[in-house]
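Colleague: I'm new to this structure and would love a close look at a single part of it. Could you pick one strand and walk me through its surroundings?

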Amino acid sequence: MSVLKNLRIEDLKNKKILVLGLSTTGFAAAKFLLRAGADCFLSDSKDFPKDPDDIKKAEFLKENGAKLEFKGHTEDFIKNAEFCILSPSIPPESEVLRLLDKLDIPYFSDLEIAYNFKPKTSKIVTITGTNGKTTTTMLTSYILGAKFTAPATGNVGVSPLDYLCPESFGASGIQTAPDFLVIEASSYQLHYTNAFSPDMAVFCNLTPDHINWHKTIENYFLDKAKMYQRMDENQHAILNLNDNMVKNIKTDATIHFFALEDKYDELLKTGQKAISAYIKDGKIFYGDEEIISKDEVPIVGSHNLQNVMCAIISAKISGLDNKLIKERIISFKAPNHRCELITTKNGISYYNDSKATNPEASIVAIGAFEGKKVALIAGGRDKNTSLAEFSKLIKEKIDKVILIGEAAERFNIALKEAGFNNIVFADTLECAIQKAEEGNPDVVLFSPACASFDMFKNYEVRGDAFRSYVLSR
């Protein structure tokens, strides 16, 4: 039985609770514990932070009663904790988790904590998958927000733990418990759960990612899928019929498929049409109800049509009417760094897709510009996943590729092996944009297919640099 079962927020008062890592999650976890009156201990393997924002976090926690240690996790500091809240990127084989096991201290991600301590009136909508999670989370939150309080949380940058205590509601921009917590859930967070069971759970898609952490794609999938095994018929599983692994998830929850037009016949065979979203004759339907035309959806690409269908299903389950859902979809703007239209100048449209940190994500973006002359900027820190499909699609869809960063030479070799040769190199992102503009393409697409860490702190900083340079000229 979980140590959290039947534990209330007030039961945390004066209890020693451990937090690992001064990350966004760790900071939110520590604040939650301090609000609850717990004796909060935060341990970080890194040196005392040098980043000004992180220094402020550490000083805030210390001033409010938290005990902090840096440069390692010591047994004397950790021992006798009731349980531990992890920064979710800590790998399962790490030394500190072995120490927690030795000391018999249970550990969980923030999802498990949010699930256990959420207000009783709040429902949880979870969005997972490899690509499209953030857009789906933001859109679902935006649509539900027309009628309910439904903050977007999780990997979008705001922890669900900020919405658990009454003391935090005002600071979070609301005055009462939220009707919904819409949570973007990573495989890391889901790995460290053992009871988490949302009211609605969306699985966007699955492609290889984070394999160094999970070791195999099967493990990666199982960590994302295990929450469905805890759900019952009163809960709702929203699954991608176009994804062969996702569509076969076993669950007792009520299943709602979403399907692109090519899967319509298969959808009919499942018998799920009445409670599913699908595309037919250029329109998105929910059951037999027409919701919106594809042409009216403001975010580009078939992947975003799938994201829209996920959000529609969540909204319909929650009782929103079709007119309101359509209005919210039409007025929605793409989140930053996700196939985000920056501007159109001199006939060239500039798209920032810096969030595409793997080839599969870039493949999705490339497919969104059918019939356009596209110059693609790619490269960064390589994840060493296969480039075969990525290179094949570039040969079919892309006019020119500009390569940057550490991965440039491997990408160059893969593209030439696929028969694509219109490749140039750039030392900086600014230079890459200039070279992309040569030849007057319809679209300059910045979709790196790589991590950012060779040149930038993170994908957000990388995307902001692209936006800034494009708009400054």
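Modeller: Happily! Let's take strand E2, residues 39-43, in this predicted model. Four of its five residues are buried, so the rest of the structure largely encloses E2.

Start with one neighbour, strand E1, which covers residues 16-20. E1 and E2 pair in the parallel sense, with five bridges between them. To find one of these contacts for yourself, look at Leu-20, whose bridge partner in E2 is Ser-43. Between these two strands the chain passes through helix H1, residues 24-35, and this β-α-β crossover is right-handed.

Now turn to strand E3, residues 67-69. E2 and E3 also run parallel, joined by three bridges. Here Leu-42 stands opposite Leu-68 of E3. The route from E2 to E3 leads through helix H2, residues 52-63, in another β-α-β crossover that is right-handed.

One more residue deserves a stop: Cys-40. With a relative accessibility of 0%, Cys-40 falls under the 20% cut-off and therefore counts as buried. You might wonder about a disulfide here, but the count for the model is zero. Cys-40 takes part in none, and the nearest cysteine sulfur, that of Cys-84, lies 10 Å away. A disulfide needs the two sulfur atoms within 2.5 Å, so that gap is too far for a bond. Cys-84 is itself buried, because its relative accessible area is 0%.

Notes
Residues are numbered from 1 along each chain as its sequence is written. This is a predicted model: local features need pLDDT of at least 70, side-chain atom pairs count only at pLDDT 80 or more; totals for chains, interfaces and linings use all residues. Side-chain values use heavy atoms; hydrogens and water are left out. Buried means under 20% relative accessible area, exposed over 50%, partly exposed in between (1.4 Å probe, protein chains only). Two strands pair if DSSP finds at least two bridges between them. A crossover is right-handed if, with the strands pointing away from the viewer, the path from the first strand over the helix to the second runs clockwise.
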